[in-house]
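Welcome! Have the sequence and the 3D view ready, and let's look at how the strands are arranged.

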Amino acid sequence: MENESTEAEPYKDLDLRIFIGSSYDTKVTVTFALGDKKEIMLTKNSIHTVMVPSYHESKKSEKIERNLVEIVSEFPITVYAYSTIFRSSDSYACIPLENWGTEYSVISLPNDQYNPVKYDSVNRVIPRCSEFMVMGGYDSTVVTITPRAFTKGLKQEGNTYAVTLNKGE
C-alpha cells in the first residue's frame, strides 16, 4: 500500500525492501510484477536484503493493480517487507500462500492526522484514513467485502461487494 504522508511529499524518497532469512542453505527466486527475476543462494542463518522497485507501491484506492512480488524457495524461509519515506514507514511479515485463510476482518481506526489547517483561528485536523489490501494468490479469486463505513470510492457501508482477482493482483 502507499506509504503516504503529506509531510513526505516534498522529499518522497521511497525505500521498499524485502528481508529474507532461513535456518537452511536454500535457493530463493524472487519474481517482480513485471516478470523480472532474481535468483538468490541464501546461506543458513543469514539475512538477504532485496531492493524492490518503486512501481510495486500500491497507490490506487479500490482499483486492481498487478504489482505483487512472488517469492519461492526450496526450504522454509522467513520474509519481512518494509516500506519507508520521510516521516512514515511500515512493515509486515509475509505469510506463505498455503497458510492464507478465506475469511478476514479488518480492525482499524485512523491512527494519525494531517497537520492542522487554520480557518479563522480555528484548528481543524484531518484524520488519515485506515487502509487494507487484498491480494490474489490464484486466478479467478472472488473476494467479497462488506465495509462498515463509506469507502474512498463511495462504497456504501453495510453493502456487500464482490471483486475478482487473479494471481499477482
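Strands are DSSP runs (E, at least two residues), numbered from the N terminus, and two strands pair if DSSP finds at least two bridges between them. The model you see is predicted, so local features need pLDDT of at least 70 and side-chain atom pairs count only at pLDDT 80 or more, while totals for chains, interfaces and linings use all residues. Residues are numbered from 1 along each chain as its sequence is written, and side-chain values use heavy atoms, with hydrogens and water left out.

**The sheet with 4 strands**

- Here 4 strands make an open sheet, in the order 4-1-6-7, and their pairing is antiparallel.
- Strand 4 (46-52) and strand 7 (88-93) each have a single partner strand and stand at the edges, so one side of each has no neighbour in the sheet.
- From one strand to the next, the twist averages 20° (axes are lines fitted to C-alpha atoms, and angles run from 0 to 180 degrees between N-to-C directions).
- Strand 6 (residues 78-85) runs antiparallel to strand 7, and 6 bridges join them.
- To see this pair of strands, find Tyr 80, which stands opposite Ala 93 in strand 7.

**The sheet with 3 strands**

- Another open sheet has 3 strands in the order 3-2-5, again with antiparallel pairing.
- At its edges stand strand 3 (37-42) and strand 5 (70-73); each has a single partner strand, so one side of each is left without a neighbour in the sheet.
- The twist in this sheet averages 20° from one strand to the next.
- Strand 2 (residues 26-31) pairs with strand 5 in the antiparallel sense, over 4 bridges.
- Look for Val 28, which stands opposite Ser 73 in strand 5.
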